[in-house]
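Colleague: I have the model open and would like to go through its labels with you. Could you take me through how they were assigned?

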Amino acid sequence: MSNRLANPAPQFLDANGEPLSCGLLFTYLTGSSSKTPTYADAGLTTPNTNPIVLDSAGRPGSVFLDPTKTMKMVLAPATDSDPPSAPIWTRDPVVDLAANVTAVI
């Protein structure tokens, strides 16, 4: 069973509190620079792009996480590189509050 990043969808903001339009959300295996996919569906059959490009409201759309993997997420501005050289933040490990576990999402 997969876990949804947030329901319905998180909104990411810039330093001024404005939606991070076209921002980039990278996903990696925790503690590494090895990209790992997220998925657009609960069945984990349709991978999202990596990085996920946020919409004009700063939302990533549907993001489901593989519960067998531990993850790191990096949020970067639209103008950043791949891999990001000036990220807004990094979360490593990601915490799954719904399952009340750390890093296993």
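Modeller: Happy to; we can talk about strands, then aromatic pairs, then one aspartate.
This is a predicted model, where local features need pLDDT of at least 70, side-chain atom pairs count only at pLDDT 80 or more, and totals for chains, interfaces and linings use all residues. Residues are numbered from 1 along each chain as its sequence is written, and side-chain values use heavy atoms, with hydrogens and water left out.

Colleague: What makes strand 2 and strand 5 a pair?

Modeller: Strands are DSSP runs of E, at least two residues long, numbered from the N terminus. Two of them pair if DSSP finds at least two bridges between them. Strand 2 (residues 24–29) and strand 5 are joined by six bridges and run antiparallel, so they meet that rule. One of the partnerships is Thr27 with Met73 in strand 5. Strand 5 also pairs with strand 6, again antiparallel, over three bridges, and there Leu75 stands opposite Trp89.

Colleague: Why is strand 5 called mostly covered?

Modeller: Buried means under 20% relative accessible area, exposed over 50% and partly exposed in between, with a 1.4 Å probe and protein chains only. Six of the six residues in strand 5 are buried. Met71, Met73 and Leu75 point one way, while Lys72, Val74 and Ala76 point the other, and all are buried.

Colleague: Why is the pair of Phe12 and Trp89 called tilted?

Modeller: Rings of Phe, Tyr and Trp (its six-membered ring) pair if their centres lie within 6.5 Å; planes under 30 degrees apart are stacked, over 60 edge-to-face, and the rest tilted. The count comes to two aromatic pairs. Phe12 and Trp89 are 6.0 Å centre to centre with 45 degrees between the planes, so the pair is tilted. Phe12 lies in the loop between strand 1 (3–4) and strand 2, and Trp89 in strand 6, 77 residues apart. Phe26 and Tyr28, at 6.2 Å and 10 degrees, are therefore stacked.

Colleague: How do you know that Asp80 has no salt bridge?

Modeller: A salt bridge needs a side-chain nitrogen of Lys or Arg within 4 Å of a carboxyl oxygen of Asp or Glu. Asp80 is buried, and the nearest side chain of opposite charge, Lys35, is 12 Å away, so the rule is not met. Asp80 sits in the loop between strand 5 (71–76) and strand 6 (89–91). The backbone nitrogen of Ser85 lies 2.9 Å from a polar atom of the Asp80 side chain.

Key
Helices (H or I, at least four residues) and strands (E, at least two) are DSSP runs, numbered from the N terminus. Lys and Arg count as positive and Asp and Glu as negative; His and the chain ends are not counted. A polar contact is a pair of N or O atoms within 3.5 Å; within protein, one must be able to donate a hydrogen and the other to accept it, and residues adjacent in sequence count only if both atoms are side-chain atoms.
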